[in-house]
Amino acid sequence: MRLDKYLADCGLASRRDVKEILKKKRVMVNGQIETSPKTQVDAQKDQIVLDGQRLVHETFVYYLLNKPVGVLSATEDAKGATVLDLLDETAHLKAVFPVGRLDKDTEGLLLLTNNGPLAHALLSPKKHVTKTYLAQVAGVMDEADVERFSQGIRFKDFTSQPAQLDIIQQDEASNQSVVLVRLAEGKFHQVKRMVHACGKEVTSLKRLSMGPLQLDENLAPGEFRRLTEAEMHALESFGVAL
């Protein structure tokens with residue numbers, strides 16, 4: 001590949017800015033100063049150094065974010081903050097995007113990447129990727145609701161696939177419940193609509209998992225980290241090059 005693309009892929013800067021770095025003779029390829037952005041390099045074989053530090057090439061990047069309430073699952077928005085505003089400069093240079101979406105008032109696990117095939121695989125209805133949510137509910141959910149979730153719920157615009165509802169806590173005195181919902185769909189407001197169909201209302205919602213990825217409880221809302229090697233290995237089961 002071209003040297004300027006290699007450097008941009010390493011998250012240094014845009015390809016335009018990379019040219020300025022090269023002009024200043026800050027880059028060495030296999031021990032020789034290189035100033036031409038058109039120079040062809042082999043990411044696996046060549047040793048490429050910037051300011052004395054060897055670079056590691058990566059085409060795709062993966063971020064695990066604990067999305068906070070009040071932030072949009074979008075790459076840009078004229079009216080409010082988006083999840084990209086929470087990430088680092090590399091994420092912007094790599095043009096990452098959220099895999100799926102969480103409502104503005106929903107928090108929890110969100111994967112962001114620039115790997116389009118992986119995003120498609122995770123969101124494909126054919127893959128049946130399970131997502132788990134923790135919901136605070138106004139109303140006491142019961143075994144009748146568990147059964148209704150397990151059968152799928154019919155709405156005007158679609159009929160949901162069967163979902164698993166686990167009742168974690170019931171408080172009749174305060175008329176509240178805490179439940180876990182596991183489903184393999186991602187329709188608009190689906191968890192909220194399913195709970196509403198049972199005569200109750202979701203008051204807060206948090207995504208705990210998506211496929212093999214689990215929310216890192218060490219991440220406070222708004223914090224992020226790169227995926228671990230174990231998490232990357234787990235995603236390889238989707239048959240997409242990482």
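Arg16 and Lys23 are exposed, and they sit on the face of helix H2 that is turned away from its buried side. Keep in mind as you look that this is a predicted model. On the other side of the account, the buried residues of H2, which spans residues 15-23, are Val18, Ile21 and Leu22. Why do they lie on the same side of H2? They cover an arc of only 95 degrees around the axis, so they share one side of the helix.

What lies over that buried side? The cover for the buried residues of H2 includes helix H1 (3-9), strand S1 (27-29) and S3. Once you pass the end of the helix, you meet Lys25, which takes a positive phi of about 60 degrees just after H2.

Helix H1 deserves a stop of its own, as Asp4 has its place there. Is Asp4 buried or exposed? With a relative accessible area of 2%, Asp4 is buried, since buried here means under 20%. If you set aside its neighbours within four places in sequence, Asp4 is in contact with Arg15, Val18, Lys19 and Pro37. Val18 you have already met as one of the buried residues of H2.

From here, follow the strands. An open sheet of four strands runs in the order S2-S1-S3-S4, with antiparallel pairing. Its edge strands are S2 (32-33) and S4 (53-54), each of which pairs on one side only. As background, strands of a sheet pair through backbone hydrogen bonds, either parallel or antiparallel. Strand S3 (residues 48-50) is joined to S4 by two bridges, and these two strands run antiparallel. If you would like a residue pair to pick out on screen, take Val49, whose bridge partner in S4 is Arg54.

Further along the chain there is another antiparallel pair, this time between strand S9 (residues 164-171) and S10, with seven bridges. Here Ile167 has Val179 in S10 as its bridge partner. S9 and S10 form a hairpin with four residues between them, and Asn175 in the turn has a positive phi of about 55 degrees.

S10 also leads you to helix H6, because strand S10 (176-183) is part of what covers the buried residues of that helix. The cover also includes strand S7 (106-113), strand S8 (131-138), helix H5 (143-151) and strand S11 (201-210). Which residues of H6 (residues 190-197) are buried? They are Gln190, Val191, Lys192, Met194 and Val195. Just after H6, Gly199 takes a positive phi of about 85 degrees.

Two charged residues are worth a look for their placement over rings. The charged end of Arg193 sits over the ring of Phe155, 4.6 Å from its centre. Lys187 lies over the face of Phe158, at 5.5 Å from the ring centre. As for pairs between aromatic rings, a search of the whole structure finds two.

Finally, zoom out to the whole protein, which has seven helices and 13 strands. Its C-alpha atoms fill a box of roughly 75 × 35 × 30 Å along the principal axes. The radius of gyration is 22 Å, whereas a compact globule of 242 residues would have one near 18 Å. Buried residues make up 44% of the 242 residues. Among contacts between residues at least 6 apart in sequence, 65% join residues at least 24 apart.

How values were computed:
Residues numbered from 1 in each chain as written. Predicted model: local features only at pLDDT ≥ 70, side-chain atom pairs only at ≥ 80, totals over all residues. Heavy atoms only, no water. Buried < 20%, exposed > 50% of the residue type's maximum accessible area, 1.4 Å probe, protein only. Contact = heavy atoms within 4.5 Å. Pairing = 2+ DSSP bridges. Arc of directions from axis to C-beta. Phe/Tyr/Trp six-rings, centres within 6.5 Å; stacked < 30°, edge-to-face > 60°. Lys NZ or Arg CZ within 6 Å of the ring centre and 35° of its normal. Rg over C-alpha atoms; globule rule 2.2 N^0.38 Å.
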